[in-house]
Amino acid sequence: MAEIYPDKIRGRGMSFINMQQWSYNFIVTLVFVTAINNIGPGPVFFIFFGIIAISTTFLFFLLRETAGKTLEQVQKEMMDEDDVVTPEPTKKVSDI
């Protein structure tokens, strides 16, 4: 994932992804044993299979391949004319 972030925010982006991954791991660990005891292993694995199937479908059809490309090439491909949003100028504290 590091290659999709510009150098300026790469540390923050990777920190966020790491935190998100550990949060998902915590949720699965917390829910898994309780769900197995309450509804049985078959339905629990079917639910997790459904989540993985939806995620895989999303990844396959909606995300672009970035392997072997430079950061500049990836940014150029992802920045279409229609996708560019011009930010509004920020106000300074002295202007308020």
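Which residues make the nonpolar surface patch of about 720 Å²? The legends below take up this question after an overview of the predicted model.

**View 1. The whole protein, a predicted model with three helices.** The protein has zero strands beside its three helices. Along the sequence the elements follow the pattern α-α-α. The protein has 96 residues, of which 8% count as buried. About 8,900 Å² of the protein is exposed, and carbon and sulfur atoms supply 66% of that area.

**View 2. The crossing of helices α1 and α2.** Helix α1 covers residues 10-39, and helix α2 covers residues 41-62. Their axes come within 7 Å and cross at roughly 140°. Angles over 145 degrees would count as roughly antiparallel and those of 65 to 115 as roughly perpendicular, so α1 and α2 are oblique to each other. On the α1 side, the contact is made by Val-28, Phe-32, Ala-35, Ile-36 and Ile-39. On the α2 side, Pro-41, Pro-43, Val-44, Phe-45, Ile-47 and Phe-48 take part.

**View 3. The nonpolar surface patch.** The patch is made by Phe-58, Leu-59, Phe-60, Phe-61, Leu-62 and Leu-63, and has an area of about 720 Å². One of these residues, Leu-62, is shown again in the next view.

**View 4. Leu-62, a patch residue in helix α2.** Leu-62 lies in helix α2, which spans residues 41-62. Is Leu-62 buried or exposed? Its relative accessible area is 59%; the cut-off for exposed is over 50%, so Leu-62 counts as exposed.

Note on methods: Residues numbered from 1 in each chain as written. Predicted model: local features only at pLDDT ≥ 70, side-chain atom pairs only at ≥ 80, totals over all residues. Heavy atoms only, no water. Patch = residues over 30% accessible without salt bridge, like charges linked within 9 Å, V, L, I, M, F, W, Y side chains within 5 Å. Areas by Shrake-Rupley, 256 points an atom, 1.4 Å probe, with all protein chains shown as cover. Salt bridge = Lys/Arg side-chain N within 4 Å of Asp/Glu carboxyl O. Helix = DSSP H or I, 4+ residues; strand = E, 2+ residues; numbered from the N terminus. Buried < 20%, exposed > 50% of the residue type's maximum accessible area, 1.4 Å probe, protein only. Axes fitted to C-alpha atoms, helices over the stretch in contact; angles between N-to-C directions. Parallel < 35°, antiparallel > 145°, perpendicular 65-115°, else oblique. Contact = heavy atoms within 4.5 Å.
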